Amino acid sequence: MEMTTQGSQGSQQPKGMGTETGRWARFMKKLDEVLAATVEKTMVQAIALTSKPATGKSTAFIRRVWNLAKAGKTPPDIAYIVSSDTEAVIIREWLRENGVVCEEEEDGCELSVLTWRQCFPALKNMTWGLNCTIIIDVNWYPTVMDEIAYGWLRRWAERCRFLGETGTEVHIAIVLLMSTFVSERTVKLFSGCLAKDPHTADTTTSNVPYPTLDVDVLEAGWEKEFEEIVLEGIEGGGRVAIGSDVWERWGRFAGALTMDDIDDLPPDWTPEEFTKEDWECRLIQEEAKVLAPHPLLPYSTRMEGMRLFLAPGVVEGCHIWHPDIMQVLKGGRKLEWCEKLRQHSWVFKSTSNNSHIRFLGTPLGDAPPPDERSVERFGPAWNRDLLFFVLAGFESWPGLAISSMPFRAPINLYSVAEGVRRLCYLKCIERSESGHRCTELGAMIMKIYWREEEEGYEFHVIYLLARATLARDIKPEVRRALIRIAALAHHGPDKIFTKGDPTDVRTLQQCLPPLVQKRSFAGVLWVSLGFYLACESAGWFKTTKTYEKGWSPKGLNRWGVDCMGAEEVGKRVRKFEKAIGMDEVKDKGWINTPLDDSQIEFIEKELMWSWLHRIALIDRTGNAVDSVSLKRPSVDLDKEVIQVTPVRAHCDHVTVGGGLFNVIYLSLLGNDSSEMVAKHLTWVPPEAFQEIREKTGVPWPNLVGKSV
């Protein structure tokens with residue numbers, strides 16, 4: 001989100017829409033011409049603007065378009081589409097405070113501030129009106145919803161153009177707003193499908209005045225002084241913003257500064273559970289002494305009373321798809337130039353004439369060339385959610401090849417091709433006409449994905465849930481076990497328990513309920529399921545008394561079981577079960593009944609298919625080879641709960657021997673393929689792999705080896 005604010009001391013004021021000189025003025029004149037022509041004639045037109053942060057695109061610009069609509073100089077139904085629900089709330093409030101009526105009609109005009117999620121059904125069903133102005137704040141980090149929505153937007157624009165050319169009154173203006181860099185693939189989406197290519201203006205390369213920010217550079221070892229830095233910022237009633245997602249690593253939080261003093265503002269959080277007033281008061285305006293806007297938050301805004309912005313210049317916990325190995329690595333990265341500039345804009349928007357805000361961070365550096373500024377490659381649709389994106393394409397446009405689909409140009413065609421290949425082998429899509437279409441399994445995956453989109457589930461987890469939902473003729477306890485494993489995999493099994501001292505299989509069995517005791521040696525998914533079920537059967541979700549007393553059955557305490565974490569998993573379990581029509585089971589007797597061999601075999605095959613492309617081979621020396629990339633991630637078997645001795649013994653008995661065995665890894669950590677660590681291992685018995693050739697005609701591991 002962009003707001004026009006006054007610059008900090010020693011800086012120039014950002015030039016927003018109120019100062020229309022040079023290239024700004026020429027664009028405004030062209031905008032007026034395009035919008036007016038759309039009113040006067042039957043047509044569909046597009047226009048695109050790129051500017052730096054804090055230049056008023058989402059505030060003063062929207063107010064300008066509103067005034068044009070009231071004057072009859074642009075189509076009167078205005079939809080402004082932004083990246084997040086939180087941003088929409090902030091913009092609506094600013095517009096209302098500045099004389100713009102939102103969400104209700106005035107003088108025959110209406111302005112709505114929406115996200116793609118909110119307007120997607122009407123767009124997909126082609127029920128949007130034919131007399132409207134669509135303004136889109138192009139998201140830096142495209143989601144699956146973004147990519148698919150742009151495809152439907154193009155289809156809608158093409159349909160409107162056809163209606164106009166066949167005698168229907170059509171007045172459609174599409175305005176693309178871009179910050180810091182031009183999204184060429186967004187602009188090109190409309191090239192060729194409309195009567196005229198979009199008119200574009202990029203003011204980031206002009207000499208329009210823009211403020212500079214004095215940066216106090218962080219020195220080595222600053223983390224040790226984190227608490228002192230923050231306390232100095234909030235002294236005397238000041239407030240602090242921390243542009244980091246790992247601030248909790250730096251403090252002791254045992255003195256004047258506590259963790260409760262710091263409020264996170266994650267990139268995908270929505271304020272639906274609060275009223276706007278509650279949310280704004282709690283986080284931005286009053287209550288939060290220290291606010292931690294995530295480095296990838298897609299907007300910036302004004303923070304009253306800010307005295308310090310701390311910006312380490314990095315982001316952790318990123319899921320990055322690496323085409324060279326066709327795998328997603330979880331790691332950190334340095335912020336790009338434009339991302340640092342957005343953090344600067346928090347200061348520009350929060351500074352008043354009588355205040356000075358200290359910016360403590362890393363140097364901004366020289367601006368890269370305009371064609372090297374894009375950060376769209378970091379969006380979820382091209383990383384963690386790549387398979388969801390490809391599958392959503394076939395759900396939306398069944399029978400088409402990827403190259404014929406109407407969405408924006410793919411970031412990486414080879415990765416999309418690999419996604420198609422994987423979905424075929426996983427039985428999510430099947431051949432149809434010149435392309436593919438979703439199978440029953442693929443359709444169920446997308447149904448769950450759209451329902452749970454905001455939760456950030458990995459493909460493997462939803463794939464397992466979909467198979468558990470569709471599995472015919474399985475006993476309820478097996479379905480319940482699969483659902484709980486899916487919830488645990490998402491939550492993170494390492495957050496449920498801590499590995500105790502080295503222990504033998506018999507000792508571990510005594511800690512786990514009978515349901516899973518036969519697989520107490522088989523790794524983290526089975527062991528975490530057992531610990532979770534122990535919490536569930538003990539009633540730890542009903543009261544905290546047992547937690548406070550440290551009560552646990554048969555020595556569970558030595559494993560550091562986190563019952564509050566288990567309770568969070570329990571909430572997801574109940575949600576999943578309710579969604580597929582399973583009642584919450586009151587009698588926990590099923591947990592005390594061992595799974596039989598056929599049930600265990602069924603679950604192991606379900607896990608294999610769900611994490612088919614996250615399997616590694618462990619050799620006799622304990623080294624690993626990833627089955628997809630053939631790279632060698634590091635593993636530390638001593639820190640895993642998998643019991644190697646019984647696993648090797650079984651594999652040596654049923655295979656050619658050599659001490660080799662395969663494991664699912666839930667986590668692949670690292671910043672590149674040269675330094676990867678595979679963690680959270682679960683054994684896959686060799687018998688399970690026999691099903692692969694039976695179902696696909698391709699043997700293991702040929703099936704999963706990367707294609708390019």
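L669 stands opposite V677 in strand β20. I start with that pair because it belongs to strand β19, and β19 covers residues 661-669. Before going on, note that this is a predicted model.

Strand β19 pairs with β20, residues 677-684, in the antiparallel sense, and seven bridges hold that pairing. Strand β19 also has a second partner listed here, strand β17, residues 615-618. That pairing is antiparallel too, over four bridges. One example from it is A616, whose bridge partner in β19 is V663. How much of β19 is covered? Eight of its nine residues are buried.

Now the whole chain. There are 708 residues, and 57% of them count as buried. The chain contains 21 helices and 20 strands. It exposes about 29,300 Å², and carbon and sulfur atoms supply 47% of that area. Take the contacts between residues with a separation of 6 or more: 75% of them join residues 24 or more positions apart. Keep that in mind when you follow the chain by eye.

Next, the first of two open sheets I want to show. This sheet has six strands, paired in parallel, in the order β3-β2-β4-β5-β1-β6. Which strands stand at the edges? They are β3, residues 110-115, and β6, residues 199-202, and each pairs on one side only. From one strand to the next the twist averages 15°.

Inside this sheet, look at β1, residues 43-51, and β5, residues 171-179. They pair in the parallel sense over nine bridges. I47 is a residue to find there, with V175 as its bridge partner in β5.

Two helices go with this sheet. Helix α3, residues 85-97, lies across β2, β3 and β4, and runs at about 155° to β3. Helix α5, residues 144-165, packs on the sheet and touches β1, β4 and β5. The direction of α5 makes about 155° with that of β4.

A short stop at helix α2, residues 60-70. Its buried residues include A60, F61, I62, V65, W66, L68 and A69. A general point helps in reading such a list: an α-helix has 3.6 residues a turn, so residues three or four places apart point the same way. After α2 comes G72, with a positive phi near 75°.

The second open sheet also has six strands with parallel pairing, and its order is β7-β14-β11-β8-β10-β9. Why do β7 and β9 each have one side without a neighbour in the sheet? Strands β7 (215-217) and β9 (262-265) stand at the edges with a single partner strand each, so one side of each stays without a neighbour. The twist here averages 20° from one strand to the next.

At one edge, β7 runs parallel to β14, residues 358-361, and three bridges join the two. D216 has L360 as its bridge partner in β14.

This sheet has helices packed on it as well. Helix α7, residues 226-234, touches β8, β9, β10, β11 and β14, and its direction makes about 140° with that of β8. Helix α9, residues 337-350, touches β7, β9, β10, β11 and β14. The direction of α9 makes about 175° with that of β11.

Staying in this region, T301 is in the loop between β10 and β11. Is T301 buried or exposed? It is buried, because its relative accessible area is 3% and the cut-off for buried is under 20%. Along the chain, T301 and W346 are 45 residues apart, yet their C-alpha atoms are separated by 5.8 Å.

Last, a pair of helices. Helix α14, residues 476-491, and helix α16, residues 524-538, pack with their axes 10 Å apart, at an angle of about 105°. Angles of 65 to 115 degrees count as roughly perpendicular, so α14 and α16 are roughly perpendicular to each other. On the α14 side the contact is made by A481, R484, I485, L488 and A489. On the α16 side it is made by L525, S528, L529, Y532, L533 and E536. Sorted by class, the contact has eight nonpolar, one polar and two charged residues.

That is the tour, and I will take questions.

Note on methods. Residues numbered from 1 in each chain as written. Predicted model: local features only at pLDDT ≥ 70, side-chain atom pairs only at ≥ 80, totals over all residues. Heavy atoms only, no water. Buried < 20%, exposed > 50% of the residue type's maximum accessible area, 1.4 Å probe, protein only. Contact = heavy atoms within 4.5 Å. Areas by Shrake-Rupley, 256 points an atom, 1.4 Å probe, with all protein chains shown as cover. Axes fitted to C-alpha atoms, helices over the stretch in contact; angles between N-to-C directions. Parallel < 35°, antiparallel > 145°, perpendicular 65-115°, else oblique. Nonpolar A, V, L, I, M, F, W, Y, C, P; charged D, E, K, R; others polar. Pairing = 2+ DSSP bridges.
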